[in-house]
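Work through the exercises below with the structure open. Try each task before reading its solution.

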Amino acid sequence: MTTPLRRRQVLGLGLAGLGTAVVGPLLWDRVQHSAARAQPAGATRLGSVGGVADLELVASATPGRLPGGPATLLTYNGRSPGPLLEVNAGDQVRLLLRNDLQEPTNLHFHGLHIPPTGSGDNVFLTVPPGGSFSYEFTLAKDHPAGLFYVHPHHHGHSADQVFGGLGGALVVRGNLDRIPEVAAASESVLVLKDFASADGTAEAGMGMGMERMLGREGPLLTVNGELNPGLAIPSGGLLRLRLLNASNARIYRLALEGHRMVLIATDGGAIATPEALDELLLAPGERADVLVQGNQTPGSYRLLNLPYQRSGHMGMGQVADAPQTLATLNYAGSVAPLPLPKTLIPVAALPQPERTRRFSLAHAMGMGMGGMQHGMGGGGMGGGGMGFVINGQPFDPDRIDTRVSLSSTEDWLIVNDDVMDHPFHLHVNPFQVISRAGRPEAQRRWKDTLQVKAGEEVRIRVTFKDFTGRTVYHCHNLDHEDLGLMGVLQID
Ligand SMILES: [Cu+2]
């Protein structure tokens, strides 16, 4: 997964000349853990063998280095991002999580269609400090192939732990990978994540309460833990970039100099027809799979993060006014031109909804401490009792907010009644966007995380398939989630 650095660029944030700007590779040698399992310590990639994935992730605070000095990073197996996990549809997955942190944690299998209960995608579990838990589930044989996201989801700690470095990509291989043109492409998984600088600065000049209210962004923009890694493409070649926004709150607006990005999958699902894009917006938790053709004059081209103003910033915090370089695409060699696929995988229309529900996302001032205890978590927030609510209520793990029937289909109106953007995420079942601000979506696509801008209203449709149990929906700006923007869904 990690591409050798061709050229390092230190971001224009007063960090020039501070030397190595690498998070992941530096941590490679620092892994001290040796498990009884057949995994090389410090491996960048862990996969399944013979239909069984036997995986282990150790969450710990690891000494590392960021531009500006030494820093403590939160890592899986000594790495941030954690090792790339690679499994096949139909695999039996056993994943032992060991918690070497000083606080509770757990795992969420973001985007996977697996049970939300027991040892599945159960975010109500607590793995205490020094404890461990074995997540065990089987992926259906027809589970969508795609890019998924493993990250901590312990309410009150999610944002701190993701912002500190915990998270990693999970690839499920399947039908999309067998399309000949897609199979012929070379592939890079790019985990996009911003870090606070070594002195802990997220957004300079703002109190912690305000940072958390907006959602913390860091000034160091990394790809697979590196600043400006190189990506190689031959003339005529096809490169499949699998993009994951693993940031706490940062929304990326991506563009590749001189090239269009040809979208083939959104979140965890292929689309029906490839779609050429000049730029791509990726909110936290969102993924996109794009093909890039090596059809330009050989040279170097930057993968850029274009300026994006999150709603509600009102001039506060860092909003870059110039494109920032994330990675560099370098031409090397040539091959006979590889074609783009013409069609991908049909996305069937969901049945007509049996009912429509409305979810209003907002913030609330001056909430009583009793009501906000769950929302505040361990982080504290200052700002005089400000939190976030869905339909007027902050998260309470002991309250069921929404009850649905197994196999039923519903439309959900996600209404952002706030002044901030709120990327909406539903666990376990993917959804389709029906309309945005009353305008129908051009192409059906599978989503599990969706940017909903301030003031916007989006209609999504979801069928609650296969699994009963309790799960959640929430804002994937994880500071907002920890501050209460989450609801409990019971599927009966
Ligand atoms: Cu939010």
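**Exercise 1: The whole chain**

What percentage of the 492 residues in the chain do buried residues make up? Then describe the chain's make-up, its contacts and its surface.

Solution.
- Keep in mind that this is a predicted model.
- Buried residues make up 61% of the 492 residues.
- Next, list the elements. The chain holds six helices and 32 strands.
- Turn to contacts between residues at least 6 apart in sequence. Of these, 78% join residues at least 24 apart.
- Finish with the surface. The chain exposes about 17600 Å². Carbon and sulfur atoms supply 52% of that area.

**Exercise 2: The copper site**

Find which residues coordinate the copper ion. Work out which parts of the chain they tie together.

Solution.
- Start at the ion. His422 (ND1), Cys475 (SG) and His480 (ND1) coordinate copper, at 2.0 to 2.1 Å.
- Along the chain, these donors follow the spacing H-x52-C-x4-H.
- Now place two of the donors. His422 sits in the loop between strand 24 (409-416) and strand 25, while Cys475 belongs to strand 31 (residues 469-475), so this pair ties together parts that are 53 residues apart in sequence.
- Check their cover. His422 and Cys475 are both buried.

**Exercise 3: The five-strand sheet**

Strand 31 also has a place in a sheet of five strands. Give the order of the strands and name the edges.

Solution.
- The order is 23-32-31-25-29. The sheet is open and its pairing is mixed.
- At the edges are strand 23 (402-404) and strand 29 (449-450), each pairing on one side only.
- Look at one pair in detail. Strand 25 (residues 424-426) and strand 29 run antiparallel and are joined by two bridges.
- Within this pair, Phe424 stands opposite Leu450 of strand 29.

**Exercise 4: The six-strand sheet**

Trace the open sheet of six strands. Explain why its edge strands have one side left without a neighbour.

Solution.
- The strands come in the order 11-10-13-18-15-16, with mixed pairing.
- Strand 11 (220-223) and strand 16 (269-277) are the edges. Each has a single partner strand, so one side of each has no neighbour in the sheet.
- From one strand to the next, the twist averages 25°.
- Now zoom in. Strand 15 (residues 261-266) pairs with strand 18 (residues 287-293) over four bridges, in the antiparallel sense.
- Here Leu263 stands opposite Val290 in strand 18.

**Exercise 5: The nonpolar cores**

Which residues of the largest nonpolar core touch the most other members?

Solution.
- The largest core has 40 residues. Leu176, Leu190, Leu241, Leu243, Leu254, Leu280 and Leu329 touch the most other members.
- Ask what supplies the core. Strand 15 gives the largest share, five residues.
- Take Leu243 as an example. Its contacts include Leu147, Leu190, Leu254, Leu280 and Val290. Glu286 and Arg287 are also among the residues it touches.
- Then look elsewhere. A second, separate core has 28 residues, among them Tyr135, Phe137, Leu139 and Leu166.

**Exercise 6: A loop proline**

Locate Pro219. Is Pro219 buried or exposed?

Solution.
- Pro219 lies in the loop between helix 4 (208-214) and strand 11.
- Its relative accessibility is 9%. Buried means under 20%, so Pro219 counts as buried.
- Compare positions along the chain and in space. Pro219 and Ala196 are 23 residues apart along the chain, with 6.0 Å between their C-alpha atoms.

Technical notes: Residues are numbered from 1 along each chain as its sequence is written. This is a predicted model: local features need pLDDT of at least 70, side-chain atom pairs count only at pLDDT 80 or more; totals for chains, interfaces and linings use all residues. Side-chain values use heavy atoms; hydrogens and water are left out. Two strands pair if DSSP finds at least two bridges between them. Axes are lines fitted to C-alpha atoms, for helices over the stretch in contact, and angles run from 0 to 180 degrees between N-to-C directions. Donors are N, O and S atoms within 2.8 Å of the metal (3.2 Å for Na, K and Ca); water is not among the atoms, so sites may look incomplete. Buried means under 20% relative accessible area, exposed over 50%, partly exposed in between (1.4 Å probe, protein chains only). A nonpolar core is a set of buried Ala, Val, Leu, Ile, Met, Phe, Trp, Tyr and Cys residues joined through side-chain atoms within 4.5 Å. Contact means heavy atoms within 4.5 Å. Accessible areas come from the Shrake-Rupley method with a 1.4 Å probe; for residues, only the protein chains shown count as cover. Lists of a residue's contacts leave out its neighbours within four places in sequence.
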